[in-house]
Amino acid sequence: MPADKPLLRVLNGETLTPPPVWLMRQAGRYLTEYRQTRLKARSFLDLCYTPKLAADVTLQPIRRFHFDAAIIFSDILVVPDAFGQKVDFESGEGPRLAPIAGAQELKALRETIDLDHLAPVFEAIGLVKAALPKATALIGFCGAPWTVASYMIAGRGTPDQAPARLFAYREPELFAALMERLIDGSVAYLSRQIEAGVDCVQIFDTWAGALAPAEFARWCLMPVKRIIAAVRLRHPQTKVIAFPRGAGLALTTYAAETGADALGLDTSVDPAAANALIPEGVVLQGNLDPLALVAGGAALREASGKILSAFRQRPHIFNLGHGIVPETPLDNVEALLALLRGEA
Ligand code: CP3
């Protein structure tokens with residue numbers, strides 16, 4: 001029964017002490033076993049598209065740390081790949097895509113997402129599902145359209161997402177057309193993940209904070225609202241966590257209008273303020289500074305203590321405010337879990 005999983009109980013409105021915990025990017029380079037498995041795949045995308053390896057990597061942090069949730073190992077950039085855009089990951093350098101400069105490149109993309117291309121992800125979900133402990137939830141995910149579009153247009157990570165912001169200002173109709181495809185593609189992709197067995201989903205809007213208010217409303221809030229409504233129509237029981245990183249003052253409007261069941265808070269958000277401002281019906285997830293986890297010791301104790309006490313009275317999922325970084329000592333993850341579980 002899904003209701004036996006602490007993460008799902010909290011997403012359904014229960015307050016649990018200690019709160020369930022998982023960490024964004026929990027499968028990754030800080031784990032020695034991940035680095036080992038990574039060597040078996042020719043490329044990062046090969047790792048994502050080899051069900052046995054992807055399932056194994058998904059399970060690695062669960063075996064080691066017994067987190068309350070696993071997140072299926074993949075990447076937000078498999079979506080542009082499934083729209084026919086060329087995507088590569090250069091080791092140590094991050095993603096490289098053939099940039100979308102205008103109408104011509106947009107026209108060359110598929111109209112709809114190729115879910116067959118993503119079949120290995122759904123297969124990996126089945127493998128993980130069969131191997132997970134009963135109390136461990138499985139999270140599916142996609143990138144939010146704005147964040148995915150920012151990589152599709154720039155062709156790489158950028159400090160300020162300037163190429164996509166300029167594209168949206170200069171070519172609003174073309175940009176809207178790209179966003180429409182990504183909205184529909186995200187709905188189809190999340191729905192298939194749910195049908196393959198994930199218990200809930202998270203939408204990562206890593207670059208939400210780069211947009212001015214009107215553009216945030218149009219390109220972050222509205223698309224995510226539409227994705228949530230459409231996924232909910234098909235899968236009314238499935239909870240949706242939205243992570244609009246850097247949304248700042250727009251968080252409360254975002255929480256009210258997107259209809260997300262839970263909100264991921266980034267590192268910059270004061271937990272006590274979020275607790276006071278965000279309606280009780282919205283579950284909060286977060287938001288330890290990933291560098292407090294690298295530092296460990298007093299910094300880790302103080303930061304996690306503040307988060308626990310701010311959210312003591314409401315449904316809360318403990319997590320980081322952004323992804324775990326490769327330099328994170330494994331001992332500090334153990335220490336965090338001991339703190340949360342009252343063993344330290
Ligand atoms: O454990 C998990 O969280 C599941 C897997 C996961 C990955 N990426 C694996 C990954 C998830 C949920 C993501 C999401 C993702 N990918 C986001 C949104 C969340 C965030 O952290 O902001 C974004 C923006 C991406 C795009 C992406 N993927 C970038 C910019 C990079 C290069 C930078 C980096 O961290 O290396 C990636 C590569 C990537 N995705 C790695 C992993 C484990 C490292 C690749 C390697 O092993 O060489």
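Which residue in strand 6 is the bridge partner of Q202? I looked this up before anything else, and in strand 6 the partner turned out to be I241. I note at the outset that I am working from a predicted model.

**Strands 5 and 6**

Having started from Q202, I followed the pairing along and found that strand 5 and strand 6, the latter covering residues 239-244, run parallel and are joined over six bridges. I then checked how far strand 5 is covered, and six of its six residues are buried, so the rest of the structure largely encloses this strand. I looked at its two faces separately: C200, Q202 and F204 are buried on one side, and V201, I203 and D205 are buried on the other.

**Strand 4 and its neighbours**

I moved on to strand 4, residues 137-143, where I again found that seven of seven residues are buried. On one side I listed A137, I139, F141 and G143, and on the other L138, G140 and C142, so named here as the covered residues of both faces. Strand 4 is joined to strand 5 by five bridges, and I recorded the direction as parallel. For this pair I wrote down two positions: I139 stands opposite C200, and G143 stands opposite F204.

I also looked for the partner of strand 4 in strand 1, residues 69-71, and found a parallel pairing over three bridges. Here I71 stands opposite I139, and I139 is also the residue that I had noted opposite C200 in strand 5.

**D199, ahead of strand 5**

I placed D199 in the loop between helix 10 (172-196) and strand 5 (200-205). Is D199 buried or exposed? It counts as buried because its relative accessibility is 14%, and the cut-off for that class is under 20%. I then looked at what its side chain meets, and found a polar contact with the side chain of K129 at 3.1 Å.

**The hairpin**

I turned to strand 2 (residues 87-90) and strand 3 (residues 94-97), which pair in the antiparallel sense over four bridges. Within this pairing, I noted that F89 has P95 in strand 3 as its bridge partner. The two strands form a hairpin with three residues between them, and in the turn I found G92 with a positive phi of about 80°.

**The ligand**

Which residues come nearest to the ligand? Of the 21 residues around it, I recorded R29, Y34, D75, T206 and H322 as the nearest. I checked where the ligand sits, and it is in the largest pocket. Among the elements that supply at least two residues each to the shell around the ligand, I noted helix 2 (32-40) and strand 3, the latter being the strand I had just followed in the hairpin.

I then went through the polar approaches one at a time. A polar backbone atom of A27 is 2.9 Å from an oxygen atom of the ligand, and a polar side-chain atom of R29 lies 2.8 Å from a ligand oxygen atom. For D75, an N or O atom in the side chain is 2.7 Å from a nitrogen atom of the ligand. Taken on its own, the ligand has 870 Å² of accessible area, and I noted that the protein covers 88% of this.

**Backbone checks**

I kept one general expectation in mind: most residues other than glycine have a negative phi, and most peptide bonds are trans. Against that, I found a cis peptide bond from T17 to P18, with omega near -5°, and I located P18 in the loop between helix 1 (6-11) and helix 2. A second cis peptide bond joins G286 and N287, with omega about -15°, and N287 lies in strand 8 (residues 283-288).

R25, in the loop between helix 1 and helix 2, has a positive phi near 65°, and I entered it as exposed because its relative accessibility is 57%. H66 has a positive phi near 55°; I found it in the loop between helix 4 (51-65) and strand 1, exposed with a relative accessible area of 56%.

**A162**

My last entry is A162, which I placed in helix 9 (residues 162-170). At 24% relative accessibility, A162 counts as partly exposed. I also looked up its separation from A210, 48 residues apart along the chain, and the two C-alpha atoms are separated by 8.6 Å.

How values were computed. Residues numbered from 1 in each chain as written. Predicted model: local features only at pLDDT ≥ 70, side-chain atom pairs only at ≥ 80, totals over all residues. Heavy atoms only, no water. Buried < 20%, exposed > 50% of the residue type's maximum accessible area, 1.4 Å probe, protein only. Pairing = 2+ DSSP bridges. Near = heavy atom within 4 Å. Polar contact = N/O pair within 3.5 Å; in protein donor to acceptor, adjacent residues only side chain to side chain. Areas by Shrake-Rupley, 256 points an atom, 1.4 Å probe, with all protein chains shown as cover. 1 Å grid on protein atoms, 1.4 Å probe; cavity = no way out; pocket = protein on both sides within 12 Å on 5 of 7 lines; lining within 4 Å. Sits in = over half its atoms within 2 Å of the grid points.
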